[in-house]
Amino acid sequence: MASVERRAYRKAEIATGNLDDAMDILQDAMYKLAQKYAGNPANEWGPLFHTILQSRIMDYHRRKTVRNKYFSWFSSDDKEGDLDPIQSAVDLTGKSPEEEMTQDASMEILDGSIRQLPARQQQAFMFRAFEGLDVAETAKMMKCSEGSVKTHYSRALSKLRVKLGDYKI
Amino acid sequence: MNEDNEIFVYKLRNRFEESVKGIDATTLSKIRQTRAQVLAKSKYKGKNYLIWIPAGAFASVCMALLVFSIVPQRNVEDQTFIDEINIISDLDLYENLDFYEWLEQHELPS
């Protein structure tokens with residue numbers, strides 16, 4: 001299960017963009033697996049774990065959407081709020097864009113691009129591309145039709161190709 | 001899926017696998033700790049039913065004490081009730097009712 005956990009953590013990290021949230025999601029998924037499916041055969045744990053994980057990630061996205069709506073009612077029209085201090089900070093390292101394209105940086109770009117995908121497209125992409133599941137297996141995991149999987153995956157790939165096209169992955 | 005897409009996906013998957021292998025030691029330690037916590041928690045929860053064994057035994061003892069403390073009293077009450085029935089059902093009394101009425105009227109000691 002160790003490799004499954006690592007992959008799960010990375011997927012949660014990509015989906016949330018936050019280390020603590022990713023760890024919380026991983027913990028929830030582990031707990032649910034241990035609580036509900038400990039009696040299942042060991043070869044089923046991997047797929048079950050990924051299904052639970054995806055379900056937790058979807059819950060996270062739903063909660064985030066609700067939270068954003070709630071806070072948008074109370075947020076002021078202050079234009080200073082639009083300024084991202086990290087984006088506007090001076091780069092003290094003085095690295096050129098080419099130098100920034102290190103392995104970590106390109107992974108961050110990839111993470112960010114996947115994170116920007118709609119939740120279902122993200123889900124389909126992770127199952128198909130990262131886990132190597134076929135359309136039928138992905139449809140089963142996502143509890144939707146094979147046609148929907150094809151659509152979500154195709155749209156996800158198109159968007160990623162546009163966003164990552166200029167970068168050397 | 002066309003060949004371009006296949007290559008693209010292959011590259012993305014490789015990058016993902018690399019990032020999985022490159023998870024830092026601190027995070028790996030956290031993951032291990034989380035797993036240990038979850039397992040400990042679920043084991044404890046799984047054995048919750050053991051709590052009911054002493055609780056059940058205690059309840060049984062209490063129930064037994066309650067039953068045994070009530071049953072003898074009921075036996076005494078039952079015996080008294082049976083005695084009363086016996087007195088009421090004493091046929092001699094009913095047969096001599098006239099005599100007892102006469103005794104009462106003449107205030108003779110019974």
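**Bridges, rings and a shared interface**

Q: What separates D59(A) and R56(A) in helix α3 of chain A?
A: This is a predicted model, and helix α3 of chain A covers residues 42-74. D59(A) forms a salt bridge with R56(A), their closest N and O atoms being 3.7 Å apart. The two sit three residues apart in that helix, so what lies between them is about one helical turn.

Q: Which other residue's side chain meets D59(A) in a salt bridge at 2.8 Å?
A: D59(A) isn't fully tucked away, because a relative accessible area of 26% makes it partly exposed. Its second partner is also three residues off in helix α3 of chain A, so about one helical turn separates that pair too. With 2.8 Å from N to O, the partner is R62(A).

Q: Is E5(A) buried or exposed?
A: You'll find E5(A) in helix α1 of chain A, residues 2-16. Setting aside neighbours within four places in sequence, E5(A) is in contact with residues of both chains, including L26(A), F49(A) and I31(B). Its relative accessibility is 3%, and anything under 20% passes the cut-off, so E5(A) counts as buried.

Q: Which residue of chain B has a side chain joined to E5(A) by a polar contact?
A: Two residues of chain B are on the contact list of E5(A), namely I31(B) and R35(B). The polar contact spans 2.6 Å between side chains, and the partner is R35(B).

Q: About how much area do chain B and chain A bury between them?
A: Start with the contacts: 26 residues of chain B touch 30 residues of chain A. On the chain B side, F8(B), R15(B) and F16(B) lose the most area, together 25% of what that side buries. Carbon and sulfur atoms carry 69% of the total, which is about 2800 Å².

Q: Which residue of chain B meets R7(A) in a salt bridge?
A: Side chains of opposite charge can pair when their charged atoms come close. Between chain B and chain A there are two salt bridges. R7(A) belongs to a network of salt bridges with K11(A), E131(A) and one residue of chain B. At 2.5 Å from N to O, the partner of R7(A) is E17(B).

Q: Which residue forms a salt bridge with R15(B)?
A: R15(B) is buried, because its relative accessible area is just 7%. Its partner is three residues away in helix α1 of chain B, so about one helical turn separates them. That partner is partly exposed at 37%, its closest N and O atoms to R15(B) are 2.6 Å apart, and it is E18(B).

Q: How is the ring pair of F125(A) and F130(A) classed?
A: A pair of aromatic rings is described by the distance of the centres and the angle of the planes. Both F125(A) and F130(A) are buried, and they form one aromatic cluster with F16(B). Their centres are 5.2 Å apart and their planes are at 70°, over the cut-off of 60, so the pair is edge-to-face.

Q: What angle do the planes of F99(B) and Y100(B) make?
A: These two are partly exposed, F99(B) with a relative accessible area of 44% and Y100(B) at 39%. Their ring centres are 5.6 Å apart, and the pair is edge-to-face because the planes are at 65°.

Terms used
Residues numbered from 1 in each chain as written. Chains lettered and ligands numbered in written order. Predicted model: local features only at pLDDT ≥ 70, side-chain atom pairs only at ≥ 80, totals over all residues. Heavy atoms only, no water. Helix = DSSP H or I, 4+ residues; strand = E, 2+ residues; numbered from the N terminus. Buried < 20%, exposed > 50% of the residue type's maximum accessible area, 1.4 Å probe, protein only. Polar contact = N/O pair within 3.5 Å; in protein donor to acceptor, adjacent residues only side chain to side chain. Contact = heavy atoms within 4.5 Å. Buried area = accessible area lost by both parts, 1.4 Å probe. Salt bridge = Lys/Arg side-chain N within 4 Å of Asp/Glu carboxyl O. Phe/Tyr/Trp six-rings, centres within 6.5 Å; stacked < 30°, edge-to-face > 60°.
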